[in-house]
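Hi everyone, and thanks for coming. Could you please bring up the sequence and the model, so that we can walk through them together?

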Amino acid sequence: MTEKDFIPNPYSATVEQGQVTWQSPSNIALVKYWGKLEHQIPANPSISFTLDSCRTTTTLKFSKKEQLSDDFDFELEFEGEKKDSFRPKIQKFLERVEQYLPFLKDYKFTIQTSNSFPHSSGIASSASGMSALALCFMSLEKQLDPEMTEEYFTRKSSFLARLGSGSACRSVEGELVVWGFQRNIYGSSDLYGVQYRDEVHDNFRNYRDTILLVDKGEKQVSSTVGHELMNGHPYAERRFRQAHDNLDRLKKIFRSGDLSEFIKVVESEALTLHAMMMTSEPYFLLMKPNTLAIINKVFRFREETGLHLCFTLDAGANVHLLFPEKEEELTLEFIGSELQQHCQNGQYINDRVGSGAQKLA
Ligand code: DP6
């Protein structure tokens, strides 16, 4: 599908008012998206596990404007309170998607949103937030175009989510989602995320992700600034090729169930992401002493137990710990006794792989 396929024909139905609620999860990348062209066209393909309990819930209320105007009319509430600081981001999103959702200026919207994870925990809420919002607008479009197929609904939701925040396009579906064109992955596209449909070994069923909240402070590097660091980066081209190679490696690993190889790819991706940030201009060092303490303990735990606990990182100090369901008991015991002490206020979140966004009644 191309961008043009997402520009709708005139709608067949009219809708005066209503409301819709979606819950959409966060996701954790195994091969990282870092570097983009305009409008979140990714410099390389990425793949992520969709999470389950880290979610944003968004209700969109809409009513037809009595007098037409050439502005977007929306109000924002975050966890029950008016939130004007989010306005510019939403305004920009609406401007970007207007050509694909030509009804946006016909309605007055109220957007109410809340997160299941603690506020400013350093967990990226743009993926869950932007995907939930995209899905709400698509539910309204579906009412205007009742013939819309489910497949189109899902594709376009992911496409619109991407225009809000790149990684958000990987949150619409579960459990493994690829975004970015990769020669040998069927249906993969730079425009939206698609479910990974190749064979996946049972070892990866119900995979766990425990998120250690090491530093809950404001992000030091916004994603926009972060991705820009890859423009003119001395190692950019090599890195983009590596992402393709790592996706190929993961393909084989998903089939074979080889957890030791899985760990090598996933941890290398995390460290490469941070290495890119450390070698860009300006450079950033986002790991904290506790991030390193955790990583070193993970290495030692693996050596001593032969279990398959591994870490990954986003653009921050928090650590995502990935491990198979059947190693859960011993691993959680270790996290509680050895790693919790490195978390801010001892906080961590036990999550797992999930099946994607859900519409609430
Ligand atoms: C490090 O999706 O937050 O988490 O497209 O500018 O909104 P924008 O960036 P964003 O970047 C996420 C980068 C990452 C890696 C990943 O999730 O793939």
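Thanks. Before anything else, please keep in mind that this is a predicted model.

Let's begin with the cysteines. Take cysteine 343: is it buried or exposed? Its relative accessibility is 8%, and therefore it counts as buried, the cut-off being under 20%.

Now, how many disulfides does a search of the whole structure find? The count is zero. Cysteine 169, for instance, takes part in no disulfide, and the nearest cysteine sulfur belongs to cysteine 136, 17 Å away. Cysteine 343 is in no disulfide either: for this residue the nearest cysteine sulfur is that of cysteine 54, at 13 Å. To count as a disulfide, two cysteine sulfur atoms must lie within 2.5 Å. As for cysteine 169, with a relative accessibility of 2% it counts as buried too.

Next, please find helix H2, residues 126-144. Here is a little check we can do together. H2 has 19 residues, and at 1.5 Å a residue it should span 27 Å. The expected span uses one less than the number of residues, which is how the sum is set up. In the model, the C-alpha atoms at the two ends of H2 are 27 Å apart, so the expectation and the model agree. H2 is also mostly covered, with 16 of its 19 residues buried.

H2 comes up again in our next stop, the second largest pocket. This pocket has a volume of about 310 Å³. Its lining is made of 14 residues, and those closest to the centre are Thr149, Glu150, Glu151, Phe153 and Thr154. H2 and helix H3, which runs over 150-164, each supply at least two residues of this lining. Which element gives the most? That is H3, with five residues. If we sort the lining of this pocket by class, we get seven charged residues, four polar ones and three nonpolar ones.

Let's move on to the aromatic rings. The structure holds 22 aromatic pairs. I'd like to show you two that share phenylalanine 204. In one of them, phenylalanine 204 pairs with phenylalanine 254 in an edge-to-face arrangement, with 5.3 Å from centre to centre and 85° between the planes. Why does this pair tie together separate parts of the chain? Phenylalanine 204 sits in the loop between strand E9 (193-195) and strand E10 (208-212), while phenylalanine 254 belongs to helix H5 (residues 236-256), so the pair links parts that are 50 residues apart in sequence. Both of these phenylalanines, 204 and 254, are buried.

The other pair brings phenylalanine 204 together with phenylalanine 262, and this one is tilted: the centres are 4.9 Å apart and the planes are at 55°. Phenylalanine 262 lies in helix H6 (residues 259-278) and phenylalanine 204 in the loop between E9 and E10, so here the parts tied together are 58 residues apart in sequence. Phenylalanine 262 is buried, just like phenylalanine 204.

Elsewhere you can pick out one aromatic cluster formed by Tyr11, Phe62, Phe103, Tyr107, Phe109 and Phe137.

While we have H6 on the screen, look at leucine 273, which is found in that helix. At 6% relative accessibility, leucine 273 counts as buried. Its C-alpha atom and that of lysine 89 are separated by 25 Å, and the two residues are 184 residues apart along the chain.

To finish, let's look at some backbone details, with cis peptide bonds to start. One joins glycine 174 and glutamate 175, with omega about -15°. Glutamate 175 lies in the loop between H3 and strand E8 (176-179). Another cis bond runs from glutamate 281 to proline 282, with omega near 0°. You'll find proline 282 in the loop between H6 and helix H7 (289-305).

Then there are positive phi values. Histidine 39 is not a glycine, yet its phi is positive, at about 55°. Histidine 39 is placed in the loop between strand E2 (36-37) and strand E3 (41-42), and at 36% relative accessibility it counts as partly exposed. Asparagine 345 also has a positive phi, near 50°. This asparagine 345 lies in the loop between helix H8 (328-339) and strand E13 (348-352). Is asparagine 345 buried or exposed? With 65% relative accessibility, asparagine 345 counts as exposed.

That's my tour. Thanks for listening!

How values were computed
Residues numbered from 1 in each chain as written. Predicted model: local features only at pLDDT ≥ 70, side-chain atom pairs only at ≥ 80, totals over all residues. Heavy atoms only, no water. Helix = DSSP H or I, 4+ residues; strand = E, 2+ residues; numbered from the N terminus. Buried < 20%, exposed > 50% of the residue type's maximum accessible area, 1.4 Å probe, protein only. 1 Å grid on protein atoms, 1.4 Å probe; cavity = no way out; pocket = protein on both sides within 12 Å on 5 of 7 lines; lining within 4 Å. Points joined across faces, edges and corners; volume = space filled by probe spheres on them. Nonpolar A, V, L, I, M, F, W, Y, C, P; charged D, E, K, R; others polar. Phe/Tyr/Trp six-rings, centres within 6.5 Å; stacked < 30°, edge-to-face > 60°.
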